[in-house]
Amino acid sequence: MAAPGAGAPTRLVQYVVVRSDLVHKLSWPLGAVITQACHAATAAIHLHYGDPDTQRYLEELDSMHKVVLGVSAPDEAALSGLSDALTQAGVSHKLWIEQPENIPTCLALKPYPKETVQPLMKKFKLFK
């Protein structure tokens, strides 16, 4: 959060990280991949519904900010590695594992002030 007297509150963002190989190598339909991201984002909000940042994010319904990033090769390992790194850093998130295939497809962070988590996300590029 912003320091006292610093003016406007810090912008909240929800990061979603998607395996790009699902589209580019495994030929999943784009709609199916978007669905995975939606599942992960919704699950992260649900799991952290009582969190003050999540509540503020939801109160600002018409100005929600999400950033969708892609993870590149080796995709499944990179996604699982990111999940482990976020857990070690104390960053709340949901790793979405598609069932019944048991395939990790994406992850979503709960809403955070951008400057809190952006350094952990800077190595990933926007999903294409």
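**Notebook: strands β1 to β5**

I began with β1: L12, Q14, V16 and V18 point one way, V13, Y15, V17 and R19 the other way, and all are buried (buried means under 20% relative accessible area, exposed over 50%, partly exposed in between, with a 1.4 Å probe and protein chains only). In a regular strand the side chains alternate between the two faces of the sheet.

I noted the basis of the entries. This is a predicted model, where local features need pLDDT of at least 70 and side-chain atom pairs count only at pLDDT 80 or more, while totals for chains, interfaces and linings use all residues. Residues are numbered from 1 along each chain as its sequence is written, and side-chain values use heavy atoms, with hydrogens and water left out.

I took strands as DSSP runs (E, at least two residues), numbered from the N terminus. I counted two strands as paired if DSSP finds at least two bridges between them.

I then looked up the partners of β1. Strand β2 (residues 66–71) runs parallel to β1, with 6 bridges; Y15 stands opposite V67 there. Strand β5 (residues 112–113) is antiparallel to β1 over 2 bridges, and V13 faces Y112. With β4, β1 shares 3 bridges, also in the antiparallel sense; V18 is opposite C106.

Next I checked β4 (residues 103–109). Of its 7 residues 6 are buried, so the strand is largely enclosed by the rest of the structure. Strand β3 (residues 93–98) pairs with β4 over 6 antiparallel bridges, and I97 has P104 as its bridge partner.

Last, I looked at the turn. β3 and β4 form a hairpin with 4 residues between them. N102 in that turn has a positive phi of about 65°.
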